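Here is my note on this model. The points follow the display.

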There are 2 protein chains.
Amino acid sequence: MTESLPRPAELLCFSVYAAAHAMNRVYKPLLERLGLTYPQYLVMLTLWDEDGQTVGQVSERLFLESSTITPLLKRLEAAGLVTRERDRTDERVVRARLTEAGRALREKALDIPGCILGATGLDLPAAVRLRDEVDGLRKSLERAAD
Amino acid sequence: MTESLPRPAELLCFSVYAAAHAMNRVYKPLLERLGLTYPQYLVMLTLWDEDGQTVGQVSERLFLESSTITPLLKRLEAAGLVTRERDRTDERVVRARLTEAGRALREKALDIPGCILGATGLDLPAAVRLRDEVDGLRKSLERAAD
DNA sequence: GACATTTATATTGCGCGATAAATTATCGAG
DNA sequence: CTCGATAATTTATCGCGCAATATAAATGTC
C-alpha cells in the first residue's frame, strides 16, 4: 500500500512560508521609497525603538544569528543610516547608532504600519489576535528545535 | 510631537517572518537526511502529488515566480531526483518528471509531517484552523499587492 | 499566406539573506 | 595571570527570489 503525503497547500508550514512571501511583496514597494529591504527595515525599527543597541541585542530581538546581523548593519552603514562602533567600557561589544539620516528616515516610515494593516484585511484586534497565535507557534517550534 | 512606530515584535508581519524561520530550523535536520532544502522539499511534494507538471504549474502551486522554480528544478536534477524536458507539442513548456530515485525518496519523507505537527505543539484540528487563518491572510495580501 | 504584435513560458543575471564553522579579541573569575 | 566564557567578525557557502530578458506560440492584420 502507498501511504499518503500532503500537498504543500495542506500544510501549516506552507501557509506560513507563503504568507511571509506575500507580506514581503506588499512591503516591497513601500520600502523601496526608503531604500530598505524588509530585514533592513526590521533592524531600523529596532534602532528607532532604542538607539545604540549592540549587535547581540539586535540579533536577539530579531531571532537571527549575529553573523546575519553584522552584514545587515554594514549595508545600513554603507547607506549612511547607522554607524558601528565598539563600546568603550567593553571592547568586545559593538553598538549600532542611528545617523542623522537614519533618524530622519523614520518620518518617511510612519505610515507603513497602517498600509500593511490595510493590506491584511483585518481590523486591529483581529491582527493582534492572529499575531499572538502565530507567535505562539514560533515559540513551540523554537522549543522543539533545541 | 513624535508619532510612534511599533517594535518588530508587535507586528503581525514579524511574527509570520519569525515563525517561517523557526519552521525552517525545525525542518532542517529532518530534510538534511533527504539532502533537500525546504523549498526543494515543497517542489518534491508537488511532484509526488502529481508527476510531470510544468514549471508554470509548480510555480503556481507554490506561489513563486517561474524564475525561482527553474533553478530549484535544476538543483533537483543535479541531485538525480528529477528530469526536465521540453514538451513536444508545445516547445515553450518544460515538464519535470521524477526519476526512480525521486520516487524512492518519498518513502523517507513519510514521517516528516508527523514530526512537524509534533513540533508545533498543536493537535490536528488546531493546526488546520491556524493554517486556514494564515492562508486567509495570504489571500488578502495578494489581493492588496496587485 | 506572410508579417507583425501580443501573449505565454521559461531562463539568465544579480544581489541579499542566512547560517555554520573558524577566528579574533576582550572580559571576568579564581 | 591564566583560563574559560562571551561577543562579534570573517570566511565560506549557497540557495533563494525576482526583474529583466529571451524564446515560442497564438493572434491579428493586410
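1. Surface near DNA strand D. There are 27 residues around the strand, and A:Thr70, A:Lys74, B:Thr37, B:Ser67 and B:Arg75 come nearest; near means a heavy atom within 4 Å. Of the strand's atoms within 4 Å of the protein, 77% belong to sugar and phosphate. The residues here are seven nonpolar, 10 polar and 10 charged (Ala, Val, Leu, Ile, Met, Phe, Trp, Tyr, Cys and Pro are nonpolar; Asp, Glu, Lys and Arg charged; the others, Gly among them, polar).

2. Basis. This is a predicted model: local features need pLDDT of at least 70, side-chain atom pairs need 80 or more, and totals for chains, interfaces and linings use all residues. Residues are numbered from 1 along each chain as written, chains are lettered from A and ligands numbered from 1 in written order, and side-chain values use heavy atoms, without hydrogens and water.

3. Individual DNA contacts. The side chain of B:Thr37 places an N or O atom 2.4 Å from a phosphate oxygen of DNA strand D. A polar backbone atom of B:Glu91 is 3.2 Å from a phosphate oxygen of the strand. A:Arg92 addresses a base: a polar side-chain atom lies 3.2 Å from a base oxygen.

4. Chain B against chain A. Contact (heavy atoms within 4.5 Å) involves 58 residues of chain B and 58 residues of chain A. The rule finds four salt bridges across this interface (a Lys or Arg side-chain nitrogen within 4 Å of an Asp or Glu carboxyl oxygen). One of them joins B:Arg129 and A:Glu133, at 3.0 Å from N to O.

Terms used
A polar contact is a pair of N or O atoms within 3.5 Å; within protein, one must be able to donate a hydrogen and the other to accept it, and residues adjacent in sequence count only if both atoms are side-chain atoms.
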